[in-house]
Amino acid sequence: MKKHNFYAGPAILPEEVKRRTSESLLEFAGMGLSVMEISHRSEQWVECMNNAFSLVEELLDIPKGYKVMFLTGGASSQFYMSAMNLLNESEVAGYINTGTWSAKSIKEAQLFGTVKEIGTSKNKNYSYVPRELDSDDVKYVHYTSNNTVFGTQFKELPNVDVPLIADMSSDIFSKNVDIKRHNLIYCGAQKNMGPAGVTLVIVKESALGQVKREIPTILDYRTHIDKGSMFNTPPVLPIYISMLTMQWVKDNGGVNAMKVRNEAKAHLLYSEIDRNDLFKGFVAEKDRSTMNACFGLLDDSKKDIFLEMSKEAGIVGINGHRSVGGFRASMYNAMEIESVEVLVNVMKEFSEKYG
Ligand SMILES: *Cc1c(COP(=O)(O)O)cnc(C)c1O
């Protein structure tokens, strides 16, 4: 039976990407070897790597003065690496706390300078995006563009007049981004870009080289910029699969087309959540994420019944995060609207039976 993959991450990949990956696992670029077996210095791999860089630049319309890197350690490593490279001990960084991931980024940044929480939605279990921000005297403002756990998303950039740093792990390539307002953007690949194992980092080069501390070579962004992300052996397979996924985004109209697709899917699901008397959304309407919809039943005792009906329809991965409860439906780029239709039909069927 066809599966409808609503997992939050690692998450759905396009069929075409999985097919091409499986071919390259056996035979890559006519070399008679697997993509996993070749030297990362080979001409064929270098071409792949260059393709991956070009696709990021093209899809996100990266302006001059910005550098793209493929690193390891996940978005979690960027929580400390960003502050280590961009914040002096004596300086203050502004952080917007929208839950789990931003809280973790705050904890790590505190090791390198002073963190000022300039906005938080903690008072309502992170169910909205804070808008009253006081960015006086901060060097930059860090925000999590899409809150994978709580299902909120910044629909506009934070209203501050200092450079931004963004964790875009769960909505990169889902829409256009004004790169110029940012000094740094990072994301773990395994939500909307590829499989786990590679982290995309985009940095404004002129923001680097301004901290006084010694930075270990491999943790210094400048090392990876100089070496084209091949200072040490790069995660070849995750980069390759991410490259194919970006190519798929491009072939399907680029990020603007993804945005239209994603909004259509989100509209379909949220409309049913609002229409259906048995369900409720957890997030303030204007801050609802197009990527992760968090919702629940008014009568939580029927949760298992709904999960069982979903399972029978081929739906996987909609159990909510333990800190939120209810359900979470992740609808990343690769998800077809048909899968959301299947979920909505189960919700309708459920309300006919139990409403
Ligand atoms: C998943 C996620 C992370 C953690 O990513 P890792 O690659 O596992 O370190 C960080 N931030 C956001 C917004 C996420 O969704």
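How do the residues of the shell around the ligand divide into nonpolar, polar and charged? I took this as my opening entry and noted that the model is a predicted one. The shell divides into three nonpolar, eight polar and two charged residues.

**Entry: the ligand and its shell**

I counted the surroundings next and found 13 residues around the ligand. The closest of them are Ser76, Thr148, Asp167, Gln190 and Lys191. I then asked which helix gives the largest share of this shell. Helix H3, residues 74–86, supplies that share with four residues.

**Entry: polar contacts of the ligand**

I looked up three contacts made by side chains. In serine 76, a side-chain N or O atom lies 2.6 Å from an oxygen atom of the ligand. For aspartate 167, the partner is a nitrogen atom of the ligand, at 2.6 Å from an N or O atom of the side chain. Lysine 191 has a side-chain N or O atom 2.7 Å from a ligand oxygen atom. I also noted the area: the ligand exposes 390 Å² when taken alone, and the protein buries 88% of that. As to location, the ligand sits in the second largest pocket.

**Entry: asparagine 85**

I returned to helix H3, in which asparagine 85 lies. Is asparagine 85 buried or exposed? Its relative accessibility is 2%, so asparagine 85 counts as buried, the cut-off being under 20%. I traced the side chain of asparagine 85 to the backbone oxygen of leucine 219, which it reaches at 2.9 Å.

**Entry: valine 249**

I located valine 249 in helix H6, residues 236–251. Valine 249 counts as buried because its relative accessibility is 2%. I also recorded its separation from valine 342: 93 residues in sequence and 23 Å in space, C-alpha to C-alpha.

**Entry: backbone geometry**

Where is proline 10 found? I placed proline 10 in the loop between strand E1 (4–5) and helix H1 (15–26). The peptide bond leading from glycine 9 to proline 10 is cis, with omega near -5 degrees.

I then examined the loop between strand E4 (114–120) and strand E5 (141–144), where asparagine 125 has its place. Asparagine 125 is not a glycine, yet its phi is positive, about 45 degrees. Tyrosine 126 is in the loop between E4 and E5 as well, and its phi is also positive, near 55 degrees, in a residue other than glycine. I closed by checking exposure: asparagine 125 is partly exposed, with a relative accessible area of 42%, whereas tyrosine 126 is buried at 11%.

Definitions and conventions: Residues are numbered from 1 along each chain as its sequence is written. This is a predicted model: local features need pLDDT of at least 70, side-chain atom pairs count only at pLDDT 80 or more; totals for chains, interfaces and linings use all residues. Side-chain values use heavy atoms; hydrogens and water are left out. A residue is near a molecule or strand if one of its heavy atoms lies within 4 Å of it. A polar contact is a pair of N or O atoms within 3.5 Å; within protein, one must be able to donate a hydrogen and the other to accept it, and residues adjacent in sequence count only if both atoms are side-chain atoms. Accessible areas come from the Shrake-Rupley method with a 1.4 Å probe; for residues, only the protein chains shown count as cover. On a 1 Å grid over the protein atoms alone, a cavity is a set of points where a 1.4 Å probe fits but cannot get out, and a pocket is an open set with protein on both sides within 12 Å along at least five of seven lines; lining residues have an atom within 4 Å of a point. A molecule sits in a cavity or pocket if more than half of its atoms lie within 2 Å of its grid points. Helices (H or I, at least four residues) and strands (E, at least two) are DSSP runs, numbered from the N terminus. Ala, Val, Leu, Ile, Met, Phe, Trp, Tyr, Cys and Pro count as nonpolar, Asp, Glu, Lys and Arg as charged, and the others, Gly among them, as polar. Buried means under 20% relative accessible area, exposed over 50%, partly exposed in between (1.4 Å probe, protein chains only).
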